Every structure is written in C-alpha cells, then in structure tokens.
Amino acid sequence: MFQNPHVSEMIPENFSEIIQVLTANQLPTEDISEQIDFFSWKEDEKLIGIGGLEQYGKTGLLRSVAILDPYKGQGLGTEWTKKLLHVAGQRGIKELFLLTTTAEKFFQSLGFQRIDRAVVPDSIRNTTEFASVCPASAAVMSLNLSAWTEEESQIFADYSDFFVPERNTQYQIMGDWLGSVNSLDKAIDLCCGDGKLCGYLLDRFPNLKMTGLDGSEYMLKTGRQNLHGMGSRFHTQLFQLEENNWRTSFQNLDAVVSSLAIHHLDESQKKALFFDIYQMLNPGGVLVIADIIRPASEAGDTIAAEAWDHYVKQKADQAEKPEIFDLFIRDNWNYFRDPDGDPVDKPSRLLDQLNWLKEAGFEEVDVSWVFAGHAIFGGRKNR
Ligand SMILES: C[S@@+](CC[C@H](N)C(=O)[O-])C[C@H]1O[C@@H](n2cnc3c(N)ncnc32)[C@H](O)[C@@H]1O
C-alpha cells in the first residue's frame, strides 16, 4: 500500500505520543521507560504504527504493537509486526516473547506459539510487563527467530518459480551431476520443499527412488500431493537438518541433493553435514548443492543483490505480475540486500564450502554454475 514507508527508532521525547497511541489501543502504559526501544512506522510524516522491543542479549520482549485508528482493518498490523520481527532479528535477538490478552490468534498467524509461563527465561520473567503490568491470565507466546517458519514455506512454495533464479537451468545442471553416477538407484533431497527438484529428477531418471526430507509439514504435504503420480518412487520424511538422528538411517545412497537450504546451518554444522553425507554415499556417489553463497565483500553483496532483484523483477514483469516483485522486496527475500538481517540465513563463502567438502573426503569438488549470489557445487565419493 505504501511506497516508501519509513521505520525508525523513536526518541524518548516522543513518549507522550507513544502513551497516547497505547492508551487508545488499550495497551499498558504504566511501565513505559527508556528500557524499551520504541519504533515508529511513518509515511509522509504520518504515523501509521508503533511498536516496542526490550532486548536482553539474544532474547527479547515484543510489546506495545499498535496501528493507528485511520489505518486499521487493512492488514497493516501483519506487515508492521513483520517489520518489527525483522528489526529484532537485525539486533541479534534469537527468541522473542510477548504477552497478549486479545491477539493470540493474530500472533499465531505470524508463527508465535503459546508457551507455559514456567519455561520463560528469567530475563523476560523479570520485565515489568511480565512481572506486574499484564494480568496473569495473559497468553505468553514465543517465536524462534532463527528458524524457518511455515509462513515462509507457504510463500516460497507459491512464488519459488519467480524468486529462484534460472530454476530450470539449475535443475538441469543438478540432474547432469546425477547423470554421471554409474548406477543411479537411491537418492535423498535435504529440505525438499514442495518436491519440485525431486519431481524433475524422478522424471529424468526412471529407475531412481527418492526420499524428500523437510522440517515443514506444509512442504511435505504439498510435495506428496505434487508427486502423487510417482507412487512408491517418492517418500517423505519430517526432519531437522541440523539434528543427527536421521543421518544414520540413510546408507548406500547414490546421490544427495539439496537446494536453497544448507545456508540455514552455521559453519560447523555445514562441515559436520558434509562429513556425514560422505558416509551415507556409495563409492562414486555425488553430493550436489544449490544454494545462496556469502560474497567476499560489500561490493559482492551489492552485485548479487542487484542481479537477483533484476532477475525477479524481469520474471514478474514478463508474467504481468509486478506485485510478486513488490512482495519479494517487502518481505526481504533478497538476502544480499541485508546479509546480517535475518538470523535464519547463514550462507558461507563458496571457497570455504569447497574446502570443507574436500576435508570431508570428497573428490572432483567443483562449481558448475554461479548467478546472482547463487551457486551449484558438489563433489563425488571416491569410486
Ligand atoms: C527456501 S526453501 C527450499 C525448498 C526446496 N529445496 C526448493 O529449492 O524449492 C527451504 C526449505 O528448507 C526447509 N528448512 C529450513 N530450515 C530447516 C531445518 N532446520 N530443518 C529442516 N528443514 C528446514 C524449509 O521447510 C523449506 O522447505
């Protein structure tokens, strides 16, 4: 709706304005102090919304989220809360808590889950809002900011053909890696999403059977629907990429593929994953990764950001759906515009990842394609 909405931190002398807005929204005002960082959302100097964050290291309390009366009923509360979540992520908050007496469903739609008061960390429990201002009956909710959300899954599944650069070329190249395996029978896709890559590979290699693993129930359900026609050649499994429990259950694989997911792991988790995948593969088997990669400089960030925006804009314009590019920008899908903005994204340098593959034992470690900050790379287990 707004072309250039402006989010900024409010300075303490605006407290009377803040208190007015909170009072009009029946939100607590008793403990408003400099301990809380307030943010405003403005368009042409007109105040649209306010919101507050109390930060205690990696945890934070979201509070005082309000949209001003003239702008209510237009879905702006969701947009504004997402902006505040982004700010919280940028400040290094990994787990965000809130208390609400009236908006549990609203915050649930943004990924917050109701939790037991007993599990709330002391830093949050000791805040005045928690300890004395909000009634004991208020729902306590939390959101893990370093995790991928079901809402992101839905948006990604709907728009991946626009958001992912040169997707068909990527599938073809990943398929070419698999085509180089002598006897291709069994493969897994780590974080398979809605199963598009598995679908492409199963179509291309009629003897192949695949398991698609993902942490999102929504993605796995959509994947099963999309690949219904593959019958028993396609299975799904719910998993958490960073956990170890699934790793020993896969042996004698001919290929492991993964697209746009391994960047959710930090450096040591990536190294451990590469090592474990090596153990899962048959001799001659391949690991092929398509992912965003961390540029080596700010100039590299800008080059990747421009190229990605340009690709998505062109694709949306060609389809006469410019609103898809607006969504890509509004929801900050272009990682390279703000590389440290979202703790869920931890891409590593391409050169580092190639070295970690070698350290894990892989041979023929190589890069097959790079574009707009995305790369396809991998290696082979000794034949
Ligand atoms: C950007 S999507 C990519 C999906 C698919 N590979 C594709 O390229 O279309 C990221 C996927 O990773 C999954 N995911 C993210 N973090 C995860 C984790 N820690 N464990 C398991 N799955 C995860 C999400 O559910 C989502 O399906």
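The following exercises, each with a worked solution, concern the fold, the domains and the ligand shell of a predicted model.

In this predicted model, local features require pLDDT of at least 70 and side-chain atom pairs count only at pLDDT 80 or more, whereas totals for chains, interfaces and linings use all residues. Residues are numbered from 1 along each chain as its sequence is written.

**Exercise 1. Determine how the radius of gyration of the chain stands against the globule rule.**

Step 1. The rule is 2.2 Å times the number of residues to the power 0.38, and the radius is taken over C-alpha atoms.
Step 2. For 383 residues, a compact globule would have a value near 21 Å.
Step 3. The chain has 23 Å, which agrees.
Step 4. Along the principal axes, the C-alpha atoms fill a box of roughly 70 × 50 × 40 Å.

**Exercise 2. State the secondary structure content and the share of buried residues.**

Step 1. Helices (H or I, at least four residues) and strands (E, at least two) are DSSP runs, numbered from the N terminus.
Step 2. The chain holds 13 helices and 14 strands.
Step 3. A residue is buried if 20 or more other C-beta atoms, placed from the backbone, lie within 10 Å of its own.
Step 4. By this criterion, 37% of the 383 residues are buried.

**Exercise 3. Describe the two domains and their contact.**

Step 1. An automatic or database assignment supplies the domain bounds: domain 1 covers 6-144 and domain 2 covers 150-380.
Step 2. Their centres, taken over C-alpha atoms, are 35 Å apart.
Step 3. Domain 1 gives 6 residues to the contact and domain 2 gives 7, where contact requires C-beta atoms, placed from the backbone, within 7 Å.

**Exercise 4. Analyse the packing of α6 against α9.**

Step 1. Helix α6 spans residues 150-163 and helix α9 spans residues 217-226.
Step 2. Axes are lines fitted to C-alpha atoms over the stretch in contact, with angles from 0 to 180 degrees between N-to-C directions.
Step 3. The axes of α6 and α9 lie 8 Å apart at an angle of about 35 degrees.
Step 4. Glu150, Ser153, Gln154 and Ala157 of α6 meet Tyr218, Met219 and Thr222 of α9.

**Exercise 5. Characterise the shell around the ligand.**

Step 1. The shell contains 21 residues, each with its C-beta atom, placed from the backbone, within 6 Å of the ligand.
Step 2. The closest are Cys191, Gly193, Gly215, Ser216 and Ser259.
Step 3. Helices α6 and α8 (196-204) each supply at least two shell residues, and the largest share, 3 residues, comes from α6.

Definitions and conventions
Buried ≥ 20, exposed ≤ 12 C-beta atoms within 10 Å, placed from the backbone.
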